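Welcome! Take a moment to turn the structure around on your screen, and then we can walk through it together.

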Amino acid sequence: MFYYYQLRNHHYKTEALPLLLCPLCLHAGSVSMSVMQKYYWLAGPLAPSSRYAIAWCEHCGNYIPKVKWSDEMDLFYNHLKKGTSTPPRLYLGLWVMPLLTAAFVGVLLLAINVSNSRSQSRAAAVTDAVMHPQPGTIFQVVTTTDSNTPLYTYFKVDHAAGDSLYLLPCNVQRTDAMDWDDVPTAAGSYIQPPFVVSLPDTAGGSSDMFTWGSQGHKYAIVEGVWTEGKLLKKY
Amino acid sequence: MAFDEHLQRIPKANWTDYEYVNKGSRQPVRVLVYAVLFALAMWAFALWRWYDMDRSEQTGSELSITPLEWGLYKLGGKWALPLLFALCGAFFIWLGFRGYARLKKMKES
């Protein structure tokens with residue numbers, strides 16, 4: 001990940017230093033010095049860097065290269081620097097950035113939590129519809145063909161009797177889940193007569209699965225329920 | 001004089017030649033030392049990645065690489081990335097020498 005940031009300069013002070021000799025033209029009394037500080041900027045001050053100075057001579061009009069600075073200039077620079085303190089605003093990023101990061105992570109965790117709880121409540125509603133089937137309810141199920149490929153189809157509840165559930169298979173069977181949510185609701189889409197399945201065994205943790213046939217060799221996993229005109233999906 | 005006025009008077013490319021931080025700023029060799037250290041770090045990285053890729057090729061073991069490294073590997077095999085970093089290191093040393101020569105000339109003038 002790349003961050004684009006700027007290096008900006010904070011200007012502290014500029015002073016004329018009449019006691020200094022210019023190392024370029026050797027003229028006395030014409031050197032001025034500015035004390036500054038670099039700081040990192042990303043939509044606001046992030047953190048300060050080192051302080052520095054630039055010096056120039058009003059007599060010869062040249063800026064003094066750092067390699068030409070004399071010991072006296074260094075002395076005056078340190079004296080000027082002592083009189084400055086870094087403004088608190090330059091440290092803004094050091095506490096704003098961690099706060100923003102924490103807020104971002106917090107919002108992300110909250111969103112995941114809300115999403116999980118919604119998913120759990122949807123799954124609970126689907127389980128409830130499976131355990132207490134009402135005539136007319138349509139289950140959106142995934143089953144398998146004889147060649148063991150997934151088949152996306154629908155079962156409509158005809159009636160329930162004791163532990164048995166009578167379901168009508170749908171004549172719409174899809175090989176992918178692309179238009180799966182377009183639940184066929186017309187009575188003609190479901191084939192008579194109903195076949196019988198056992199009500200799911202909640203104790204075994206498979207409350208969303210219907211099994212039928214001898215020794216339960218056919219199965220269908222419920223992924224959604226169409227009831228009262230709307231589709232309730234587990235995920 | 002405010003910073004903007006200095007900026008107008010000093011060419012921006014040479015601004016750091018006039019930034020005095022401490023006594024070390026007076027040594028022209030400092031820029032060369034920084035450049036060499038940076039180049040050594042890049043060469044060490046190049047060597048490390050070459051070694052990892054070579055070992056992965058020899059043994060068939062898995063290696064986690066970034067998309068940039070993958071692109072370079074597709075282009076020029078295990079040598080592309082180390083070569084790029086080695087050239088970058090050499091470029092930094094050249095920049096260091098250039099800066100050193102310029103500052104030395106300034107100091108002696």
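## A loop residue in chain B

Let us begin with Gln27(B), which sits in the loop that connects H1 and H2 of chain B. This is a predicted model, and every value in this report is computed from it. Is Gln27(B) buried, partly exposed or exposed? Its relative accessibility is 42%, so Gln27(B) counts as partly exposed; the buried class would need a value under 20%, and the exposed class one over 50%.

You can also compare Gln27(B) with Ile10(B), which is 17 residues away along the chain. The C-alpha atoms of Gln27(B) and Ile10(B) are 21 Å apart.

## Chain B as a whole

Now zoom out to the rest of chain B. It is built with four helices and zero strands, giving the pattern α-α-α-α when read along the sequence. Of its 109 residues, 30% count as buried.

How does the radius of gyration of chain B stand against that of a compact globule of 109 residues? Such a globule would come out near 13 Å, but chain B has 20 Å. The C-alpha trace of chain B spans about 65 × 30 × 20 Å along its principal axes.

## Chain A: strands, helices and two domains

Chain A has a mixed make-up, with two helices and 10 strands. From the N terminus on, its elements run β-β-β-α-α-β-β-β-β-β-β-β. Chain A has a radius of gyration of 39 Å, well over the 18 Å from the globule rule for 235 residues, so it is more spread out than a compact globule. Along its principal axes, the C-alpha trace of chain A spans about 110 × 30 × 30 Å. Of the 235 residues in chain A, 36% count as buried.

Chain A is also divided into domain 1, covering 6-86, and domain 2, covering 128-233. If you look for the C-alpha centres of these two domains of chain A, you will find them 81 Å apart.

## A hairpin in chain A

Next, find strand E2 of chain A, residues 31-41, and follow the chain into E3(A). These two strands pair in the antiparallel sense, over 10 bridges. Which residue in E3(A) is the bridge partner of Val35(A)? The partner is Ala53(A).

Together E2(A) and E3(A) form a hairpin, with three residues between the strands. In the turn, Ala43(A) has a positive phi of about 60 degrees. As for E3(A) itself, 10 of its 13 residues are buried, so this strand is largely enclosed by the rest of the structure.

## The largest pocket

E3(A) also appears in our last stop, the largest pocket, where it is among the elements that each supply at least two lining residues. The others are strand E1 (6-17) of chain A and, from chain B, helix H1 (3-9), helix H2 (29-59) and helix H4 (80-108). Which element gives the most to the lining? That is H4(B), with seven residues.

The largest pocket holds about 960 Å³ of space, and 32 residues line it. Nearest its centre are Lys38(A) and Lys66(A) from chain A, along with Thr16(B), Asp17(B) and Glu19(B) from chain B. By type, the lining divides into 15 nonpolar, eight polar and nine charged residues.

Definitions and conventions: Residues numbered from 1 in each chain as written. Chains lettered and ligands numbered in written order. Predicted model: local features only at pLDDT ≥ 70, side-chain atom pairs only at ≥ 80, totals over all residues. Heavy atoms only, no water. Domains from an automatic or database assignment. 1 Å grid on protein atoms, 1.4 Å probe; cavity = no way out; pocket = protein on both sides within 12 Å on 5 of 7 lines; lining within 4 Å. Points joined across faces, edges and corners; volume = space filled by probe spheres on them. Nonpolar A, V, L, I, M, F, W, Y, C, P; charged D, E, K, R; others polar. Buried < 20%, exposed > 50% of the residue type's maximum accessible area, 1.4 Å probe, protein only. Pairing = 2+ DSSP bridges. Rg over C-alpha atoms; globule rule 2.2 N^0.38 Å.
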